[in-house]
Amino acid sequence: MKIKLNKYEKQTFRDLLVLIPMIMVIIILSRSIPDGTLRYQLPASDVGEKAIALTFDDGPGDYTEELLDGLKQYNAKASFFVIGSKAEKNPEIVSRAFNEGHLIGNHTYDHIRLPLHSVKACEESIGKTFNIIENITGERSLYLRAPYGDVSAYQLKKLDVVFVSWTFSTYDWQGKDADYIYERIMKKASDGDIILLHDTKKETVEAVLRAIPELQEQGYEFVRVDELLSRNGEKIKMGTPYRWCKHERNAFSF
């Protein structure tokens with residue numbers, strides 16, 4: 001059945017075809033616009049021309065200590081975005097990771113999807129986790145990885161944290177095997193990347209520890225997220241979901 005539209009309906013339809021994409025672009029751009037407020041500036045880190053930040057979410061888990069053993073063996077640094085409730089139950093693992101030079105970041109207390117909650121509820125979950133991290137490490141963290149990478153434009157402006165997004169995912173959370181994760185790392189990795197991984201997956205740990213020495217042979221070094229973002233002496237701001245930071249270029253946040 002063919003539907004006939006009058007001239008006013010046709011014009012409305014054409015207007016919508018233009019308006020909807022514009023709205024979508026505005027929403028996407030608004031998510032990446034920082035609040036413009038400088039909170040602090042780290043001194044420029046001693047990071048070379050080929051650097052990668054490995055980031056691990058959802059831990060500590062059953063395989064975190066195996067991963068830490070491997071990172072220590074290869075003198076590689078990483079960033080762990082811990083779930084507060086898990087960190088609370090496994091403080092010795094968080095303490096070990098911190099003492100061995102890794103960054104401990106926040107992944108909320110119980111893996112909540114931020115846009116589904118009020119700013120106050122998000123602040124409570126995030127703040128509780130920062131307190132747990134500080135009680136374990138003696139240091140106040142400022143870095144947050146939003147569960148699922150989801151955060152509203154309003155929350156970007158209101159939550160007083162440095163948001164860490166990622167350059168690419170290994171999709172290890174989909175149950176991929178170690179070969180798939182390894183191949184994706186080796187195929188996609190380049191200077192300035194922030195790679196999304198999970199230390200709760202045995203296959204991930206196996207793949208990462210296989211990839212690290214091979215990438216090191218190619219000249220890559222593995223650094224913490226804060227070291228990567230400050231490599232060019234850039235001022236780090238709250239409300240910006242950082243995705244990568246290449247040598248001699250500003251950290252990218254779109």
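I will go through two places in this structure, strand 8 and residue T137.

The model is predicted, so to speak of local features we need pLDDT of at least 70, side-chain atom pairs count only at pLDDT 80 or more, and totals for chains, interfaces and linings use all residues. Residues are numbered from 1 along each chain as its sequence is written, and side-chain values use heavy atoms, with hydrogens and water left out.

Strand 8 first. It covers residues 194-198; helices (H or I, at least four residues) and strands (E, at least two) are DSSP runs, numbered from the N terminus. Five of the five residues in strand 8 are buried, where buried means under 20% relative accessible area, exposed over 50%, and partly exposed in between, with a 1.4 Å probe and protein chains only. I194, L196 and H198 are on one side, I195 and L197 on the other.

What does strand 8 run parallel to? Strand 2, residues 51-57, is joined to strand 8 by five bridges, and strand 7, residues 168-169, by two. Pairing requires that DSSP finds at least two bridges between the strands. F56 has L197 as its bridge partner, and S169 stands opposite L196.

Strand 7, helix 7 (residues 178-188) and strand 8 form a right-handed β-α-β unit: with the strands pointing away from the viewer, the path from the first strand over the helix to the second runs clockwise.

Now T137, in helix 5, residues 119-137. T137 counts as buried because its relative accessibility is 14%. Beyond neighbours within four places in sequence, T137 contacts V94, F98 and I104, contact being heavy atoms within 4.5 Å.
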